[in-house]
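This report introduces a structure to a reader who has not met it before. It begins with the surroundings of the ligand and then takes up the domains, the sheets and a pair of helices.

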Amino acid sequence: MTNQNIAVPDVKARIRMAIAMAISKPEFPALGGFLAISQKKLLKRLENGGGRGGGAKVSTWIDSMRASSPTRIKSTIPISETQEKSSWILHHPSALNQFEKIIQESKGKQIIMFLDYDGTLSPIVADPERAFMTKKMRAAVKDLARHYPTAIVSGRSRNKVYKFVRLDELYYAGSHGMDIKGPTKSHNYNKGNQGVFFQAANEFLPMIDEVYKLMLEKTKSVPGAKVENNKFCLSVHFRCVDEKSWDALAEQVRLVLNEYPKLTLTQGRKVLEIRPTIKWDKGKALEFLLESLGYGNSTNVFPIYIGDDKTDEDAFKVLKNSGQGTGILVSKVQKETSASYTLQDPSEVEKFLQHLVARM
Ligand SMILES: O=P(O)(O)OC[C@H]1O[C@H](O[C@H]2O[C@H](CO)[C@@H](O)[C@H](O)[C@H]2O)[C@H](O)[C@@H](O)[C@@H]1O
């Protein structure tokens, strides 16, 4: 373990923290079930907060999915685009090349690691049920968690992402941060945090289940379409659907969503994600976890968030706006991002994690 001490809040401290959080940040309604805020009040507070539009945006997202499809990526890039690309790389350099700079920035602060799963720890594959991480990656994450508090922040359900990762010493934030649980195995830094448990959207469970069944029914005629139940949200997968049928599939999603104004859509990699319209996302999950670890108002902390997808941008923005820590986008192609650095793919993520371990 590191020589850096981490504040470990005891039970009383956690109650104080939860109350303080509830007073200062009403979007943090409970920590470990310590606050008795009624579900109705919670729902009111979170309702209509984070909506990014429903059906009307579906066609825009399909266009954006098409634009990022490999069939649209040109083999020869015109000069102006080359220039644009080099300027993008200048603004978002490789986190491996800039490793020492990142370490300098974090000097004297506690590094806390936040890792997205799909496309970050595991390669993108056609079948979402088979998105396994390699043994080497798992070992790298395990080593990392020996030295730094580490959280997995995923769009998957918490249980499913745990089944892929299988490390008890980590924090898990599933369903895009709507389902958070502390480690079940203790390390020096997380003693007392095993009780961390937070679910932001319990009242939506029956609705999500209903829409899941409906979406299964409505999409069964589209070959290759897949609907994944991520507990507090759903994914409608386009990856194995012929591009010619994308509009038809999107139309089915739009029609169902029209009947559920309390649900909204976000877009990921060849996926549309249906989720409650509440003010909660991966950025809020990051803030919540920092609070839980005792770093809510601290300047003594350096969160590093690594992710590859649009939904990770919420976390990158939190870091950018707070001027704390750093965001690292996993991408081979240029994208609009609030992250400061880039890594090309999961194998580079693995190297970066190994570098962090090696410096201890
Ligand atoms: O937040 P994440 O952990 O990145 O989860 C986002 C979505 O990831 C998964 O879908 C993506 O990966 C699949 C497996 O490689 C791929 O087939 C799919 O096209 C990608 O979008 C997951 O299946 C979704 O439920 C998550 O929402």
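In this predicted model, the ligand is surrounded by 24 residues, of which Asp118, Pro128, Ser154, Gly155 and Ser235 are the closest. Two elements give two or more residues to this shell, namely strand S7 (234-237) and strand S9 (271-276). Sorted by class, the shell around the ligand consists of seven nonpolar, eight polar and nine charged residues.

**Domains**

The chain is divided into two domains, each assembled from separate stretches of sequence: domain 1 takes in 55-71 + 203-276, while domain 2 takes in 89-152 + 164-189 + 298-358. Where does the ligand lie with respect to domain 1 and domain 2? Because both domains give residues to the shell around the ligand, it lies between them.

The C-alpha centres of domain 1 and domain 2 are 27 Å apart, and the two domains touch through 14 residues of domain 1 and twelve residues of domain 2. On the side of domain 1 that touches domain 2, strand S6 (226-229) and strand S8 (263-268) each supply at least two residues, and the largest share, three residues, comes from S8. By class, this side of domain 1 has three nonpolar, five polar and six charged residues.

**Sheets**

Strands of a sheet pair through backbone hydrogen bonds, either parallel or antiparallel. The table sets out the two open sheets described here.

| Strand order | Number of strands | Pairing | Edge strands | Average turn between neighbouring strands |
|---|---|---|---|---|
| S5-S4-S3-S2-S1-S10-S11-S12 | eight strands | mixed | S5 (197-199) and S12 (341-343) | 15 degrees, direction ignored |
| S6-S7-S9-S8 | four strands | antiparallel | S6 and S8 | 25 degrees |

Within the sheet of eight strands, whose pairing is mixed, strand S2 (residues 150-153) and strand S3 (residues 171-174) offer an example of parallel pairing, which extends over three bridges. Alanine 151 has tyrosine 171 in S3 as its bridge partner.

In the sheet of four strands, which has antiparallel pairing, S6 and S7 run antiparallel and are joined by four bridges. Here asparagine 229 has leucine 234 in S7 as its bridge partner. Several of these strands also appear in the descriptions above: S7 and S9 each give two or more residues to the shell around the ligand, whereas S6 and S8, the edge strands, each supply at least two residues of the side of domain 1 that touches domain 2. Helix H8 (residues 205-219) lies across S6, S7, S8 and S9, and it runs at about 15 degrees to S7.

**A pair of helices**

Helix H10 (residues 282-292) packs with helix H11 (residues 313-322) at an angle of about 50 degrees, and their axes are 6 Å apart. How are H10 and H11 oriented to each other? With that angle, H10 and H11 are therefore oblique to each other. Their contact brings Lys282, Gly283, Leu286 and Glu287 in H10 together with Asp314, Ala315, Lys317 and Val318 in H11. By class, the contact of H10 with H11 is made up of three nonpolar, one polar and four charged residues.

Technical notes
Residues are numbered from 1 along each chain as its sequence is written. This is a predicted model: local features need pLDDT of at least 70, side-chain atom pairs count only at pLDDT 80 or more; totals for chains, interfaces and linings use all residues. Axes are lines fitted to C-alpha atoms, for helices over the stretch in contact, and angles run from 0 to 180 degrees between N-to-C directions. Angles under 35 degrees count as roughly parallel, over 145 as roughly antiparallel, 65 to 115 as roughly perpendicular and the rest as oblique. Two residues are in contact if their C-beta atoms, placed from the backbone, lie within 7 Å. Ala, Val, Leu, Ile, Met, Phe, Trp, Tyr, Cys and Pro count as nonpolar, Asp, Glu, Lys and Arg as charged, and the others, Gly among them, as polar. A residue is near a molecule or strand if its C-beta atom, placed from the backbone, lies within 6 Å of it. Domain bounds come from an automatic or database domain assignment. Two strands pair if DSSP finds at least two bridges between them.
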